[in-house]
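Me: Please take a close look at one part of this model, the hairpin and the strands around it. After that, place that part beside the rest of the chain.

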Amino acid sequence: MRFDLVLDLSGDMALLALAAYLIGRSRLIANCVNQPLHFRSWFVLTSIFSVLSMFGTYNGIPIEGALANTRLIGTLMGGILGGPLVGFSVGAVSGLHRYLIGGFTAEACGVASALGGLLAGLIRDRVGLGNMTWKTAGAIAIMAELVQKGMVLIFSKPFAAAWALESEIALPTTMVSVLGTVVFMFILKDIQVQQEVHGAKAADLSLAIASRTLPYLRHGLNAKSAEETANIIFQLTKVDAVSITDKEQVLAFVGKGDDHHKAGEPIITRSTKRTIDNGELSIIRTPEDRGCPIPGCPLRSGVVAPLLAHGDVVGTIKLSRAKEAGIGEMDVQLARGIAQLLSVQIELAEIDEQRKMRERAELKALSAQINPHFLFNTLNIIMSFCRTNPELARELLGHLGTTLKYSFARHGDFVTIAEEMEEIKAYLEIVKSRFGSRLTIAMEIQDAVLSATIPVLAVQPLVENAVQHGLFPKLSECHLSITALQEEDSVCISVFDNGIGMEEGKVKHLFAETAEGIGVQNVHKRLKAIYGKEYGLNLDSRPGVGTWATIRIPCSKEAAAYEN
């Protein structure tokens, strides 16, 4: 075996290995490898690996009217990274180049190049790039070399010259091709491992950032939440500057360049505008890429990632460095991870705000539903007493005024138990005028709980349900009892009526999403949302006996947390 030939070919192989290392670290190539059938990806991969294959041919060593070369290494690399289409294309281009150079093995080597690239691509698709090992790569190289040497022996004439050539170069070229392909696979796997390590570190840091920014972004993306978030990211990432924008202006900027990149001002860098327009992550390697119009801006490189909500761009997060080409793989992974987590938080904040708006709308609907429900009958009763009992008519008008004032007032989300009970007493005084002596009412409200806060309209709907659906259909004596007591660390409020009661199935239906009324369901959902799943409304009803409606509220719960 000619060791001088092995050494000469190994030099070419080393250059190809260096090129493979540089290519493997390119984000452009990584994106192309993920979508090899896309025209742009196919064109990029085919062009690069065709050049590498032709380089192997150009540096070939003339022997017996033919060339001993490393062309197959570039072709196999193309097939392994890009699949059968790229592999065949690279083999066809490099094979045509080899054919044009000439020699008695030109036709056979040209066709063998295309077949070798196709073979590598088919095996890559069969095994999967992630499952490719150095052993698989070595086996591909051996098969491709056997195909090429077999075609040379079969189709190249004269046979004696072909046999003499292969006897001299078969082992050296096969050894170099196998070694080169195996080295390429080791390089590729090492790059993948490094990227995974960077990805893991970026993921950990992104999660740490997300956990610390959650209390601020729960209110959505605004100037205040963006400022707090930018400060946290700046502290944890150690980059030179962090900026957060919406679609039109800078919401927050921390770090170098804050003298001209200021919160509240319009976005001025082309890179940020470009990301907002196309919704894609942008890597900035030079000041020209960054596109800052201010002379002397200290920031020269960076990465901009879009912030998305329900698929639409709502802003950007940008990590910047003062050094040109100072953005590494870790920064890119970090920006992508931060943007994804912040986007989720922004979406959740929007969903939470929509939920609160929906609940407030339901509350307004509940309030509007309560007032007209008895207003007409109350006015008729007052009119009937105007002549027969003017004093009672005046009292009822006063109670009606209290009820209407409570319903129309802007309470916010919470009231004290004393305020809710004052309205309930006025409501019940009006109710008694309809029931007459048939209705007896008992109220036991501890002084200790009068100042405790409860969600507005948490008890009143229960009282009205008891009157309208429990007691009003009953012809005999009616009794309504309301208690509000402190029990250890909770406030327990109970409404009992000895009315007609309900079957168990009807009680369950009141809590269902398909229930027609919103009173019981609204109270139950709001209590659970504010105080947790272990709290809420409990209904216990027995036909012919009556209904118990009970709510339990923790004394120590901060109501203000829900209002925010």
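Reply: Ser 481 has Phe 496 as its bridge partner in strand 12. This model is predicted. The pairing to which that partnership belongs is between strand 11 and strand 12 (residues 490–497), which run in the antiparallel sense and are joined over eight bridges. Strand 11 and strand 12 make a hairpin, with two residues between them. One residue to look at in the turn is Glu 488, whose phi is positive, at about 55 degrees.

Strand 11 (residues 478–487) also pairs with strand 9 (residues 439–445), here in the parallel sense and over seven bridges. To find this pairing on the screen, start from Ile 445, whose bridge partner in strand 11 is Ala 484. Strand 11 thus has an antiparallel pairing with strand 12 and a parallel pairing with strand 9.

Now the other sheet. Five strands form an open sheet in the order 4-3-7-6-5, with antiparallel pairing. Its edge strands are strand 4 (250–255) and strand 5 (282–284), each of which pairs on one side only. From one strand to the next, the twist averages 15 degrees. Within this sheet, strand 6 (residues 301–309) and strand 7 (residues 312–321) run antiparallel and are joined by nine bridges. One of the residues to trace is Ser 301, which has Arg 321 as its bridge partner in strand 7.

Two helices lie across strands of this sheet. Helix 8 (residues 223–237) lies across strand 3 (241–245), strand 4 and strand 7, and runs at about 25 degrees to strand 4. Helix 9 (residues 270–278) lies across strand 3, strand 5, strand 6 and strand 7, and its angle to strand 7 is about 150 degrees.

Next, the charged side chains. The model has a count of ten salt bridges. Among them is the one between Glu 429 and Lys 432, at 4.0 Å from N to O. Both residues lie in helix 13 (residues 417–435), three residues apart, or about one turn of the helix. Glu 429 counts as partly exposed, because its relative accessibility is 34%. Lys 432 also counts as partly exposed, at 34% relative accessibility.

Helix 12 (residues 390–408) holds Arg 394 and Glu 391, which are three residues apart and so separated by about one helical turn. Their salt bridge has its closest N and O atoms 2.4 Å apart. Glu 391 is partly exposed, with a relative accessible area of 43%.

Asp 540 forms a salt bridge with Arg 542, and the closest N and O atoms are 3.9 Å apart. Asp 540 is partly exposed at 32% relative accessible area, and Arg 542 is partly exposed at 45%. Elsewhere, Glu 145, Lys 149 and Glu 166 are joined into one network by salt bridges that share partners.

Last, the annotated segments. An unreviewed UniProt entry gives the annotation "transmembrane region" to residues 42–61, 73–93 and 99–122. In the model, residues 73–93 are 100% helix and 0% strand, with the end C-alpha atoms 14 Å apart. Residues 99–122 are 83% helix and 0% strand, and there the end C-alpha atoms are 24 Å apart.

Conventions: Residues numbered from 1 in each chain as written. Predicted model: local features only at pLDDT ≥ 70, side-chain atom pairs only at ≥ 80, totals over all residues. Heavy atoms only, no water. UniProt positions renumbered as here; feature names shortened; annotations may be inferred. Helix = DSSP H or I, 4+ residues; strand = E, 2+ residues; numbered from the N terminus. Pairing = 2+ DSSP bridges. Axes fitted to C-alpha atoms, helices over the stretch in contact; angles between N-to-C directions. Contact = heavy atoms within 4.5 Å. Buried < 20%, exposed > 50% of the residue type's maximum accessible area, 1.4 Å probe, protein only.
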